[in-house]
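Hi there,

Here is the structure I promised to pass on to you. Have a look at it first, and then read my notes below.

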Amino acid sequence: MTDVEPSGAPVRGRPRRLRRLSVVAVAVLVLASLPWLWTTFAARGHVHDEADAPSADVVIVLGTAVSADRQRPGDRLAGRLETAAALVTSGRATVVLVSGDGGGTSGDEPAVMTSYLTERGVDPRRVVADPYGLDTYDSCARAREVYGVERALIVTQSYHLSRAVTLCRHLGLDVDGVVARCDGCGPALLAEKSVRDYFASGKAAWDALRGRAPAVRSPADPAVQNALRS
């Protein structure tokens with residue numbers, strides 16, 4: 001005799017339907033995670049702590065929001081800049097390319113970044129500002145296409161670093177990533193940013209797949225090469 005629910009509907013097929021739904025759910029999760037898996041595994045071997053970072057002529061610092069007064073970097077940006085300054089001081093890099101949004105809602109990121117670096121002893125002649133690094137992809141593309149960078153270190157926080165390294169390497173830069181300091185970043189903030197970066201990897205993969213051009217196209221700029229010679 002077939003078991004039935006109180007309503008009279010057979011229950012024999014329920015486990016099978018649940019298994020099918022579970023398989024579909026896992027498949028969807030795997031497909032959704034492919035961009036994140038790409039950025040994570042493609043960066044393997046190219047992510048370093050500050051203490052064991054390799055050397056390169058150029059270190060790229062990716063911009064992010066400045067503080068409310070629009071004059072100082074926020075905690076995350078300050079950590080990136082302090083790490084870059086330490087790399088220059090230790091001789092692991094010579095020129096700093098600060099790449100961010102020069103017209104952002106929080107302020108002029110490259111201007112704030114440049115000022116903060118010089119306050120920490122970095123020679124202003126060794127700092128080059130790109131005000132059109134509107135996102136990670138654009139920063140990588142413009143470093144290669146506009147400023148002629150071929151080999152570099154790139155500095156950002158751990159949750160963002162694999163995506164940055166993967167995009168830059170996909171765009172033709174021989175980069176190694178260096179994990180930035182983040183003294184004011186608590187566990188909740190880092191968790192939030194990690195989740196955000198998981199979803200941002202989808203856009204990164206789509207940008208890379210279609211080979212999109214940076215939002216702002218500029219002629220070649222010799223500023224990095226001039227700074228290396230100065």
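**Helix 6 and what surrounds it**

Helix 6 has 24 residues, which at 1.5 Å a residue should span 34 Å (the expected span is 1.5 Å times one less than the number of residues), and its end C-alpha atoms are 35 Å apart, so the two agree. Helices here are DSSP runs of H or I with at least four residues, strands are runs of E with at least two, and both are numbered from the N terminus.

This is a predicted model, where local features need pLDDT of at least 70 and side-chain atom pairs count only at pLDDT 80 or more, while totals for chains, interfaces and linings use all residues. Residues are numbered from 1 along each chain as its sequence is written, and side-chain values use heavy atoms, leaving out hydrogens and water.

Helix 6 bends by about 30 degrees at Phe199 (the angle between axes fitted to the seven residues ending there and the seven starting there). Its buried residues include Lys193, Asp197 and Ala200 (buried is under 20% relative accessible area, exposed over 50%, partly exposed in between, with a 1.4 Å probe and protein chains only). After helix 6 comes Gly211, with a positive phi near 60 degrees.

Now for the core. The largest nonpolar core (buried Ala, Val, Leu, Ile, Met, Phe, Trp, Tyr and Cys joined through side-chain atoms within 4.5 Å) has 27 residues. Ile60, Leu97, Val149 and Ile154 have the most contacts inside it. Helix 5 gives the most to this core, with five residues.

Lastly, Arg70 sits in the loop between strand 2 and helix 2, and its phi is positive, near 65 degrees.

Enjoy exploring!
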